[in-house]
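Trainee: I am new to this structure and would like a close look at a single part of it, with enough of the surroundings to keep my bearings. Could you take me through it slowly?

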Amino acid sequence: HSNSDKGDGSVRYILSGEGAGTIFIINEVTGDIHATKSLDREKKSHYVLHAQAIDINTNKPLEPESEFIIKVQDINDNAPKFPDGPFVTSVPEMSEIGTSVFQVTATDADDPTYGNSARVVYSVLHGQPYFSVDPKTGIIRTALADMDREAREHYAVVIQAKDMAGQVGGLSGSTTVNITLTDVNDNPPRFPQKNYQVYVPESAQVGKPVGKIKATDEDVGVNAEIKYSILNPEGANTFSIATDKDTREGIISLRKPLNYEKKKQYTLHIAAENTHLDPRFTHLGSFKDDTTLKITVGDVDEPPVFSMDYYIMDVYENAKIGTEVGAVTAQDPDSKNSPVRYFIEQREEGGGYFDIEAVSGVIRTTQLLDREDIPWHNITVMATEEDNPSLLSHVPVTIQVLDVNDNPPEINAEEEIIICESTRAGQVIQTITAVDKDDFANGQRFYFSFPGGIPVNPNFTLKDNEVISDSTASIIARRRRFHRLTQELYELPVVVWDGGEPLLSSTSTLTLRVCPCQRGTRLKICQSEAFLSSAGLSTGALIAILLCVLILLAIVILFITLRRSKKEPLIISEEDIRENVVTYDDEGGGEEDTEAFDIIALRNPEAAEELKFRRDVRPEGSRPGSSGRPHRRHRAHSPSSLATEEETDVRDFIKQRLAEADQDTSVPPYDSLQTYAYEGQGSPAGSISSLGSGGIHSEQDYKFLEEWGPEFQKLAELYGDEVDVQSESTTKNSDEQT
């Protein structure tokens, strides 16, 4: 009410704010506020409203607007709830009393600050006497000791939450907690029986399973894992046992072959124990159990057994057919001891060289053996029982062919032997080696020599390198300087023999080629060969080039012939005869004219044809002691001597040339002028050329020309030869005077 309200009805009240007009209404005359609906504190705990008094006549506020709050007072109208239930949890079996299992929490929507409407108390409705719950915290604990999973594994515990502190009239709610006991290793493995038996044939393969055994364990998972073992040494040496991880069975396998004739029965003491032990339960006893397994060995007809796993034998090559190589032996392991028969498996390599006696097992040769062809033979010998041929056994036999000295050594001359023209006396030309197909056991050393009964070789000697013992020999030059134009190829027979028993030898003829080797390199390659090799031209390429050159040459010759045939004659017709003067103005060729015309023809026309030398090769004229070198004069000639030795009738020579020119049908039919100039004889001044001067030889050493390179090689050889001739003539004169 407003203080301005005198109760005469002049004041009107209005209401605004939360829920005004819907939840709350006001009496406009008295100002009383009434609720039109039930209020729920859990939905809205308070409302804010505004009220104002207005003059009904002027419709103006009599005082400022008033604000007030309406609070909803709580009552216990909501029961406790478990929003996340039901629950699933676990606890290990054999846990102690009071072991915490799980904690539940209930919620109450009532006001916890007002009364006991939201005060919750927990209790167990179902699940006693195994579990208990803390009334205030809701923690569930074990209430019974030594709960065994193997007896009962799952529990459904119902927990109740009640408000009003559990008083009468309070509201309650419940949930279910599913508790599972987890396994611990509290049970040892156990064999269902104390004695087992199994039958195993003696033919059982080593490493293969022959039986199985199983122990039970009430635990699960890793707590039920079992390890099996054989306790007695007798059984452990012959058998082994392993655990199958899937079935947890003990798989018994054979460690050694069984033999019924030697042992007919085995007794195994087998133990089973857990691999993961829990020390909390050691007081319960040993987590291990054992049993006895008797294995009976069954008799089986077995194939023969060889005395050895493999055989190695040897025999000399070239041995006579039927030579004994060795013998194999096999026996029937069964008690009846049947006779054994042997044969060679012919599929193997080398089976055709040997045969075996069926009864004794002796291996003999059937062919002549050659160690150099096949040094080792591998065969397979098979044995079978006479009573039961289907039972076979195999054994490998390796036969080594021993060497005898039946192959002579041969000189290994794969590459061509080259002699350089500049080779000096005593210089090693080539080191030769020998090869022998036989084994080194027949003599690791080779010996070399020239064949007997022939004259001493004037050009070469052979030195057997006995000092270094490398089974080589050296070919050594006996004289200095070889000339390819004089003799290009030399044949040298060499005898080589080994040190075996008996001694074997062979004779090989070596071919030595003389070449002007390249200077400044250790490789002995002829200059022409080096050129071809450096050019990289094959035989086919050279033939192609040669064919191209021949084709071009044929074209040029054909062109010249055609041009000559088309020339017009100098005399046009027989009626038009007049003097024709043909003038040729050709410039001289200089030195080419002197090289093209030999002045010796003027001095001795009769020998002109005989003294024509090839200018591309060295003359073949020789003298005693010159080793094929061209003859050169070494004494001075006076003008008088020239007139005596080389006097020639020039007039007769000119007439002879004129007759030849008239009779020559290959020249054009017109006059030509040939001029011959002759200096004459007996010049008092003599010749000033150094080519014909012999005189006293210079003592100068021309060996330095060899160091100037390939350009001065020919000059060095010429002057070197001159010095050699001088030294030889000097030595000869001194010997004659002596």
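**A loop residue and its setting**

Mentor: Asn318 is found in the loop that runs between strand 21 (311–316) and strand 22 (324–327), and, since this is a predicted model, what follows describes a computed picture. The backbone at Asn318 deserves attention, for its phi is near 65°, a positive value in a residue other than glycine. As for its surroundings, Asn318 has a relative accessibility of 40%, and because partly exposed covers the range between under 20% for buried and over 50% for exposed, Asn318 counts as partly exposed.

It helps to set Met94 beside this residue, since the phi of Met94 is also near 65° and is likewise a positive value in a residue other than glycine. Met94 lies in a loop too, here the one between strand 6 and strand 7 (100–103), and with a relative accessibility of 22% it counts as partly exposed.

Strand 6 (87–92) leads on to another loop, the one that separates it from strand 5 (66–71), and this loop holds Pro86. The peptide bond that joins Gly85 and Pro86 is cis, with omega about -5°. A cis peptide bond also joins Gln128 and Pro129, where omega is about 10°, and Pro129 has its place in the loop between strand 8 (121–126) and strand 9 (131–133).

For a contrast with the loops, consider Thr238, which is placed in helix 1 (residues 233–238) and which, at 9% relative accessibility, counts as buried. If its neighbours within four places in sequence are left aside, the residues in contact with Thr238 include Ser253, Leu254, Arg255 and Tyr266.

Another helix takes us to the surface: Ile543 is found in helix 3 (residues 539–565), and together with Leu546, Leu547 and Leu550 this residue makes a nonpolar surface patch of about 390 Å².

Finally, to place these details within the whole, the protein chain has eight helices and 36 strands, and buried residues make up 31% of its 738 residues. The chain exposes about 47800 Å², of which carbon and sulfur atoms supply 52%. Among its contacts between residues at least 6 apart in sequence, 66% join residues at least 24 apart.

Notes: Residues numbered from 1 in each chain as written. Predicted model: local features only at pLDDT ≥ 70, side-chain atom pairs only at ≥ 80, totals over all residues. Heavy atoms only, no water. Helix = DSSP H or I, 4+ residues; strand = E, 2+ residues; numbered from the N terminus. Buried < 20%, exposed > 50% of the residue type's maximum accessible area, 1.4 Å probe, protein only. Contact = heavy atoms within 4.5 Å. Areas by Shrake-Rupley, 256 points an atom, 1.4 Å probe, with all protein chains shown as cover. Patch = residues over 30% accessible without salt bridge, like charges linked within 9 Å, V, L, I, M, F, W, Y side chains within 5 Å. Salt bridge = Lys/Arg side-chain N within 4 Å of Asp/Glu carboxyl O.
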